[in-house]
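Trainee: Please go through this model with me. I would like to know what stands behind each term we use.

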Amino acid sequence: MLKYVSLFIFILCLASCTSNYKIRTQSNNVVNKTEFSFPYSAENLSSKLERIFSIQNQIENKIPLSSSFHNGIYIAKVTKFNSETYQFDVNTISSNFWKSDFYIVNGEKAKTRGKFQIFLTQTGVQSTNVKVKVTLLQVINGVECCGPHGRYSRYTDVAPTTIEEYAFLFFIGEQLGVKMNPINRLNKG
C-alpha cells in the first residue's frame, strides 16, 4: 500500500512540474514588408552587412525585434552564390530571446527566439533587393519536467509575423542611413 501512495505522490509531483499555456496573438492584422531595395550593388551591400552584423556593431546598435526587450546578439554566415546573389543565415550566438510584440503566453508577452535568412539579389547596377525569411520562430510555452537537469522550457513553433522580418530590414536601413517607415508592431485599429 505504501508503495502505491509513494507512486501517486511521485506522479503528482511530476504533473506539478509541467505547465502548458494557450498562445494568443495581440493582433491579426500586422503587416510589414519582408523585402526592400537598397541603393547598392549586391557585392557592396554584402560587405556592408558583414560589418553591420559584426558582434561589436550589434553591441552598440540593437536589432529592434521587440519594443520592450533586448534580443541579444546574432551571427550572420554569408554564402556567395555569384557576384549578384548572396545569402546570410542569421542565428543567435546562444539562447537569446526577445519579448514578442505579437504573441502572448500566460498573459505576458511571449519570450521568443528565431532563425532568419537574408537574401540579396542585385536588380540593377546600384540596386539590390533584400528579402528576409524566418526559418524558425518559437515561443516559450510553459515548462516540462523532468530532464537530466530538472525542469526545462517548452518551445512551441509559431508563424512568422512580418514584425521580425521588417525589424531586420529596418536595422539594415538604419545602419546604412536609408530612411524607412517605422515597424508596424500592432494593429492600431
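Trainee: Why does Q175 count as buried?

Mentor: Buried means under 20% relative accessible area, exposed means over 50%, and partly exposed lies in between (1.4 Å probe, protein chains only). Q175 has 19% relative accessibility, so it counts as buried. Before we go on: this is a predicted model, where local features need pLDDT of at least 70 and side-chain atom pairs count only at pLDDT 80 or more, while totals for chains, interfaces and linings use all residues. Residues are numbered from 1 along each chain as its sequence is written, and side-chain values use heavy atoms, leaving out hydrogens and water.

Trainee: Where is Q175 found, and which residues is it in contact with beyond its neighbours within four places in sequence?

Mentor: Q175 belongs to helix 4; helices (H or I, at least four residues) and strands (E, at least two) are DSSP runs, numbered from the N terminus. With neighbours within four places set aside, the contacts of Q175 are R51, I52, N57 and N61, where contact means heavy atoms within 4.5 Å.

Trainee: How do you know that the length of helix 4 agrees with its number of residues?

Mentor: The expected span is 1.5 Å times one less than the number of residues. For the 14 residues of helix 4 (residues 163-176) that gives 20 Å, and the end C-alpha atoms are 20 Å apart, so the two agree.

Trainee: What makes helix 4 mostly covered?

Mentor: Of its 14 residues, 12 are buried; among them are I163, Y166, F168, F171 and L176. Just after helix 4, G177 has a positive phi of about 80 degrees.

Trainee: Which residue in the loop before helix 4 has a positive phi although it is not a glycine?

Mentor: That is T162, with a phi of about 75 degrees, in the loop between strand 8 (150-157) and helix 4. Most residues other than glycine have a negative phi. T162 has a relative accessible area of 17%, so it is buried too. N106, in the loop between strand 5 and strand 6, is another non-glycine residue with a positive phi, near 55 degrees.

Trainee: Why does N32 count as buried, and how far is it from I163?

Mentor: N32 is at 10% relative accessibility, so it counts as buried. N32 and I163 are 131 residues apart in sequence, with their C-alpha atoms 6.3 Å apart. Beyond four places in sequence, the contacts of N32 are T162, I163, Y166, I183 and N184, and N32 itself is in the loop between strand 1 (23-25) and strand 2.

Trainee: How many aromatic pairs are there, and why is the one of W98 and F116 called tilted, stacked or edge-to-face?

Mentor: The whole structure has 10 aromatic pairs. Rings of Phe, Tyr and Trp (its six-membered ring) pair if their centres lie within 6.5 Å; planes under 30 degrees apart count as stacked, over 60 as edge-to-face and the rest as tilted. The rings of W98 and F116 have centres 6.3 Å apart and planes at 35 degrees, so this pair is tilted. It links W98 in strand 5 (residues 98-105) with F116 in strand 6 (residues 108-124), 18 residues apart, and both residues are buried. For F102 and Y103 the centres are 4.9 Å apart and the planes at 85 degrees, so that pair is edge-to-face.

Trainee: Which residues do ring pairs link into a cluster?

Mentor: The cluster holds F53, Y74, W98, F116, F168 and F171.

Trainee: What makes the charged end of R113 sit over the ring of Y155?

Mentor: The rule asks for NZ of Lys or CZ of Arg within 6 Å of the ring centre and within 35 degrees of the ring normal. The charged end of R113 is 3.7 Å from the centre of the Y155 ring and sits over it.

Trainee: How do you know that the buried residues of helix 2 are on the same side?

Mentor: A42, L45, S46, L49 and I52 are the buried residues of helix 2 (residues 42-52). They cover an arc of only 120 degrees around the axis, which puts them on the same side of helix 2; the arc is taken from the directions from the helix axis to the C-beta atoms.

Trainee: Where does pLDDT stay under 50?

Mentor: Over residues 12-16, for which the model has 3 contacts beyond four places in sequence. pLDDT is the predictor's confidence in each residue, from 0 to 100. Where pLDDT is low, the predicted coordinates should not be read in detail. The chain mean is 83, with 76% of residues at 70 or more.
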